[in-house]
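Dear colleague,

I am passing on the structure we spoke about, with its sequence, so that you can look through it in your own viewer. My notes on what was found follow below it.

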Amino acid sequence: MGIFKENPFGHILFLKKWLIRLIGLVTHSRYKRFNSLEIEGSDIIRALPERNVLFVSNHQTYFADVVAMFHVFNASLKGRDNNIKNVGYIWNPKVNMYYVAAAETMKKSILTKIFAYAGSVSVERTWRAEGKDINRQVKMSDISSIGTALKDGWVITFPQGTTTPWKPLRKGTAHIIKKYKPVVVPVVIDGFRRSFDKKGLRIKKKGILQSIVIKEPLDIDYENESFDSIIEKLEYAIEQHPSFLKVISKKDLLAYEEENELRRYRNRHKI
């Protein structure tokens, strides 16, 4: 790699690689030592093509979610099987990996600008700005930027556009899927809201079981499937469909807690 070689957004790859390394080294203990990260689906990551892959996930914090995914994806590509042991996997990271983020958020500080350089595709939110609800047209340049990132590599998106659970998915994601026809990989995360603050920068509580579940790519008819059908399919895949909002019975709650205990047991024996 030439020292001044750039990606399609004009970012110097040598610098981007070092930023990813630094972020990876600084944050590794947040998922490996202070909390426990349970991973499923590393084999799915290794089977994906080099480019035009769209990861669609629920969202719990501004930054901790996506940083954890950078860890998991890079560890999986380096042969780790559902774990992030030995942070050496971050030395040669996948640099053509991006995530969609609100431009307003990514401009707020030096730290967010560093995160942006490491991989964000910044877009203007159409429904909220400066803490107020708005309604504006989608910028075609934003759609094109996501398309450029897909053409170059992998893109992570959080189609709810908020860390609040159960919110409807933005239809822009379906437009991107129909236009660029990426491999669509659902990701379901949990535990980040309990272990980090809303921004995902400060550890709020230690000893929390976090999880990232990578599911098989969705079967989508890019030409004939409707936008609404794709959105509904995504809602089910990332477990944010309204049908998931139900009162959990005592029996189901006990079963859920038992499963959590099994995960904790498995996680302890991986260390």
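**Rings, cores and strands**

The structure, which is a predicted model, holds 11 aromatic pairs. One aromatic cluster is formed by Tyr31, Phe192 and Phe196, and two rings also have a charged group placed over them. The charged end of Lys94 sits over the ring of Trp154, at 4.4 Å from the ring centre, while that of Lys178 sits over the ring of Phe227, at 5.6 Å from the centre.

Turning to the interior, the largest nonpolar core has 42 residues, and those with the most contacts inside it are Tyr31, Phe55, Phe73, Ile156, Phe192 and Ile212. Helix 3, which spans residues 64-77, gives the most to this core, contributing nine residues. There is also a second, separate core of 21 residues, which includes Val123, Ile177, Ile230 and Ile238.

Tyr31 may be a useful place to begin, as a member of the aromatic cluster with Phe192 and Phe196 and one of the residues with the most contacts inside the largest core. Leaving aside residues up to four places away in sequence, Tyr31 touches Ser36, Leu37, Ala64, Val67, Ala68, His71, Ile84, Phe192, Phe196 and Gln210.

In helix 5 (residues 110-119), the buried residues are Thr112, Phe115, Ala116, Ala118 and Gly119. Seen down the helix axis, the buried residues of helix 5 fall within an arc of 160°, and they therefore line one face of the helix. These buried residues pack against helix 1 (13-32), helix 3, strand 3 (97-102), helix 4 (103-106) and strand 4 (120-123).

The last element I would point you to is strand 8 (residues 183-190), which is mostly covered, with six of its eight residues buried. Strand 8 pairs with strand 2 (residues 53-57) in the parallel sense over five bridges, and in strand 8 it is Val185 that stands opposite Phe55, a residue already named among those with the most contacts inside the largest core. Strand 8 is also joined by four bridges to strand 9 (residues 209-214), and these two strands run antiparallel, with Val188 standing opposite Val213 in strand 9.

With best wishes

Note on methods:
Residues are numbered from 1 along each chain as its sequence is written. This is a predicted model: local features need pLDDT of at least 70, side-chain atom pairs count only at pLDDT 80 or more; totals for chains, interfaces and linings use all residues. Side-chain values use heavy atoms; hydrogens and water are left out. Rings of Phe, Tyr and Trp (its six-membered ring) pair if their centres lie within 6.5 Å; planes under 30 degrees apart count as stacked, over 60 as edge-to-face and the rest as tilted. A charge sits over a ring if NZ of Lys or CZ of Arg is within 6 Å of the ring centre and within 35 degrees of the ring normal. A nonpolar core is a set of buried Ala, Val, Leu, Ile, Met, Phe, Trp, Tyr and Cys residues joined through side-chain atoms within 4.5 Å. Buried means under 20% relative accessible area, exposed over 50%, partly exposed in between (1.4 Å probe, protein chains only). Contact means heavy atoms within 4.5 Å. The arc is that of the directions from the helix axis to the C-beta atoms. Two strands pair if DSSP finds at least two bridges between them.
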